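User: Please take a close look at the surroundings of the ligand. Then set that part in the context of the rest of the chain.

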Amino acid sequence: MSEPRTERSETSPADTGGGPVFSVRSLWKVFGAKASRIPGDSSLTGLSQAELREKTGCTAAVRDVSFDVHKGEVFVVMGLSGSGKSTLVRCLTRLIEPTSGEIILDGEDVVGMDKEQLREVRRHRAAMVFQNFGLLPHRSVIDNVAYGLEIQGMGKEERRAKAATMVEKVGLEGLGERRPGQLSGGQQQRVGLARALAVDPEVLLFDEPFSALDPLIRRDMQEEVIRLHREEGRTMVFITHDLSEALRLGDRIALMRDGQIVQLGTPEEIVANPADDYVRDFVRDVPREQVISVRRAMRPVDADAPEATTGTELAPDTLVSDAIETVARSGEHCRVVENGRTVGIVDYAALLTVVARLDENGDAGEGTEREVATV
Ligand SMILES: Nc1ncnc2c1ncn2[C@@H]1O[C@H](COP(=O)(O)OP(=O)(O)O)[C@@H](O)[C@H]1O
Ligand SMILES: [Mg+2]
């Protein structure tokens, strides 16, 4: 049912070409006795979580999951507590051993790596930021940040100098000699972030890093991640159970339920086009106009029609909320222009359809989809 939607989302705006950073195929992680028999046994793989536990005593925390993380994107894994997010992200560097499946990091088979290779991956290539910060209490901020470099064997002067740069980068200038206990929660997580960044990893892995923080501090940290991502274009896998955090940070979101990915797409695709009732329920309260763009709200128009030559120009990825403002200010419709060509028109009626969810049950949404697809 969700097939075409999943396919469409395979291109990420942040994808700069080259192969994926992580490529995961048919990944399973089953906890319990004789777990390895489960992924290959079709009489068991179809069972629900509860049935499987009843029948085998095992928990399938990750069930047949496949996805690619593109270079330069923020790939969010979202789901309720217990849906398998932590297990999944830990499997990527085999902090948890997968039961079966394929994990490729930059073309290299992670499942086949020996201990030494794995250590190298965790130290240099895929740095993790944890919810509980994971700082060393008796070390200064600088030495905490330098820790990963120390393990790599970098000399003291050099690593402290590099750590000092990172401390500044995450907004902790002047606090380098403090101990973690002398910092607020938000500041401690900045230290965790700086420590992960210091080893200059290909990909940063975040497991609910901001869940323990107050809402305002949390917002600050989200802004920090967005800023770092914008400035450095670093690839990130970000785990969260918080929908608004997922929508704010994600280039794409994989929504997990009971160990499976139920939908994978851009925030806009997921909100505008939920794959099933579960997802629809999940995104029900999202302010749609702040996620959906005019590309989905517009009606197509012939480039030489009279209305195609009047009205303010908008780019196709303009948010509906911004378009409403423009229409209100100008008092007339806007035209959506792509590559110098008018491809559609949005007016009050079209924009309010998005806000009022008129496209959810009626035919308007489907029609818009189809028509846009033919433009
Ligand atoms: N070491 C373990 N042994 C047995 N079951 C586990 C273990 N770790 C996690 N689980 C189970 O796997 C499922 C997914 O857990 P987890 O990955 O921690 O979810 P999330 O991070 O989304 O909250 C849960 O049902 C959890 O109880
Ligand atoms: Mg977790």
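Analyst: Helices and strands are taken here as DSSP runs, of at least four residues for a helix (H or I) and at least two for a strand (E), numbered from the N terminus. The model is predicted.

On that basis, β2 (59–69) and α4 (85–92) each supply at least two residues of the shell around ligand 1. The biggest contribution is that of α4, with three residues. The shell consists of Phe31, Thr59, Ala61, Gly79, Ser81, Gly82, Ser83, Gly84, Lys85, Ser86 and Thr87. By class, eight of these residues are polar, two are nonpolar and one is charged.

Following the chain beyond α4 leads to Arg94, in the loop between α4 and β4 (100–105). Arg94 has a positive phi of about 60°, although this residue is not a glycine. Its C-beta has 16 others within 10 Å, so Arg94 counts as partly exposed. Glu208, another residue other than glycine, also has a positive phi, near 45°. Glu208 sits in the loop between β7 (203–207) and α10 (215–232). Here the count inside 10 Å is 20 C-beta neighbours, and Glu208 is therefore buried, since 20 is where the buried class begins.

As for the wider setting, an unreviewed UniProt entry annotates residues 47–283 as "domain: ABC transporter". This span is 43% helix and 22% strand, and its end C-alpha atoms lie 26 Å apart.

The protein is divided into domain 1 (3–282) and domain 2 (288–374). Their C-alpha centres are 36 Å apart. Five residues from domain 1 and five from domain 2 make up the contact. On the domain 1 side, helix α12 (residues 267–272) provides the largest share, four residues. That side has four nonpolar residues, one charged residue and no polar ones.

The largest nonpolar core has 92 residues, and the members that touch the most others are Val145, Leu205, Val237 and Val346. Each of the two domains, domain 1 (3–282) and domain 2 (288–374), gives this core at least three residues. Leaving aside residues up to four places away in sequence, Val346 touches Val294, Ala297, Met298, Ala323, His333, Cys334, Val336 and Leu351.

Notes
Residues numbered from 1 in each chain as written. Chains lettered and ligands numbered in written order. Predicted model: local features only at pLDDT ≥ 70, side-chain atom pairs only at ≥ 80, totals over all residues. Core = buried A, V, L, I, M, F, W, Y, C linked by C-beta atoms within 7 Å. Buried ≥ 20, exposed ≤ 12 C-beta atoms within 10 Å, placed from the backbone. Domains from an automatic or database assignment. Contact = placed C-beta atoms within 7 Å. Nonpolar A, V, L, I, M, F, W, Y, C, P; charged D, E, K, R; others polar. Near = placed C-beta within 6 Å. UniProt positions renumbered as here; feature names shortened; annotations may be inferred.
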